[in-house]
Amino acid sequence: MTHNHPEGIKGAQATAAAIFLARNGRSLKDIKEFIESTFGYDLSRTCDEIRKTYHFDPSCQGTVPESIIAVLESTDYEDAIKTVVSLGGDADTMGAITGAIAYAHYQSIPRELAQFAKDKLPEDMLDIVFEFGYR
């Protein structure tokens with residue numbers, strides 16, 4: 001959570017909850033129901049519906065639900081990332097949220113994508129990544 005605001009805290013909690021549930025084997029349906037009932041986010045829209053009118057909105061209300069919906073509609077990690085970026089808007093924030101949830105759910109990242117990212121990181125950051133057990 002990077003913003004000390006009630007909506008920022010709510011968005012961070014919803015993201016963390018989705019990651020926790022995914023890491024513990026809960027289905028995307030279970031995650032959707034939990035996030036909707038606990039945090040009040042509307043996750044009933046589709047990415048095709050969102051894409052028609054979506055614009056840059058850096059608020060949690062304008063990024064977290066869309067990021068979760070991209071995971072809910074995805075078929076794998078890469079599909080989730082491509083889908084959320086295709087929405088436009090605050091793509092780096094949304095990609096980070098979606099990527100974290102998608103990784104927790106699918107428990108893998110395509111080797112080529114992981115290597116591409118690793119090649120961009122300085123050694124000290126790679127050390128931190130490896131401390132978390134990611135290779």
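This report describes salt bridges, a buried helix and a nonpolar surface patch in a predicted model.

Because the model is predicted, local features are reported only at pLDDT of at least 70 and side-chain atom pairs only at pLDDT 80 or more, while totals for chains, interfaces and linings use all residues. Residues are numbered from 1 along each chain as its sequence is written, and side-chain values use heavy atoms, with hydrogens and water left out.

**Salt bridges**

The structure holds 7 salt bridges, a salt bridge being a side-chain nitrogen of Lys or Arg within 4 Å of a carboxyl oxygen of Asp or Glu. Among them are the three pairs below.

| Pair | Closest N to O distance |
|---|---|
| Arg26 and Asp30 | 3.3 Å |
| Glu66 and Arg45 | 3.3 Å |
| Lys82 and Glu78 | 3.2 Å |

The accessibility of these residues is classed by relative accessible area: buried means under 20%, exposed over 50%, and partly exposed in between (1.4 Å probe, protein chains only). Arg26 is partly exposed at 39%, and its partner Asp30 is partly exposed at 28%.

The salt bridge between Glu66 and Arg45 connects distant parts of the chain, 21 residues apart: Glu66 belongs to helix 4 (residues 64–73), and Arg45 to the loop between helix 2 (28–39) and helix 3 (47–53). Helices here are DSSP runs (H or I, at least four residues), numbered from the N terminus. Glu66 is buried, with a relative accessibility of 5%, whereas Arg45 is partly exposed at 28%.

Lys82 and Glu78 both sit in helix 5 (residues 77–86), where a spacing of 4 residues corresponds to about one turn of the helix. Lys82 is exposed at 53%, while Glu78 is partly exposed at 28%.

**Helix 4**

Helix 4 is largely enclosed by the rest of the structure, because 8 of its 10 residues are buried. The buried residues are Val64, Pro65, Glu66, Ser67, Ile68, Ile69, Ala70 and Val71. Their cover includes helix 1 (6–23), helix 2, helix 3, helix 5 and helix 6 (91–106), with contact meaning heavy atoms within 4.5 Å.

**Nonpolar surface patch**

On the surface, Ile128, Phe132 and Tyr134 form a nonpolar patch with about 330 Å² of accessible area together. Such a patch joins nonpolar side chains (Val, Leu, Ile, Met, Phe, Trp, Tyr) within 5 Å, from residues with over 30% relative accessible area and no salt bridge. Accessible areas come from the Shrake-Rupley method with a 1.4 Å probe, and for residues only the protein chains shown count as cover. Ile128 lies in helix 8 (residues 123–131) and is partly exposed at 46% relative accessibility.

Technical notes:
Helix = DSSP H or I, 4+ residues; strand = E, 2+ residues; numbered from the N terminus. Patch = residues over 30% accessible without salt bridge, like charges linked within 9 Å, V, L, I, M, F, W, Y side chains within 5 Å.
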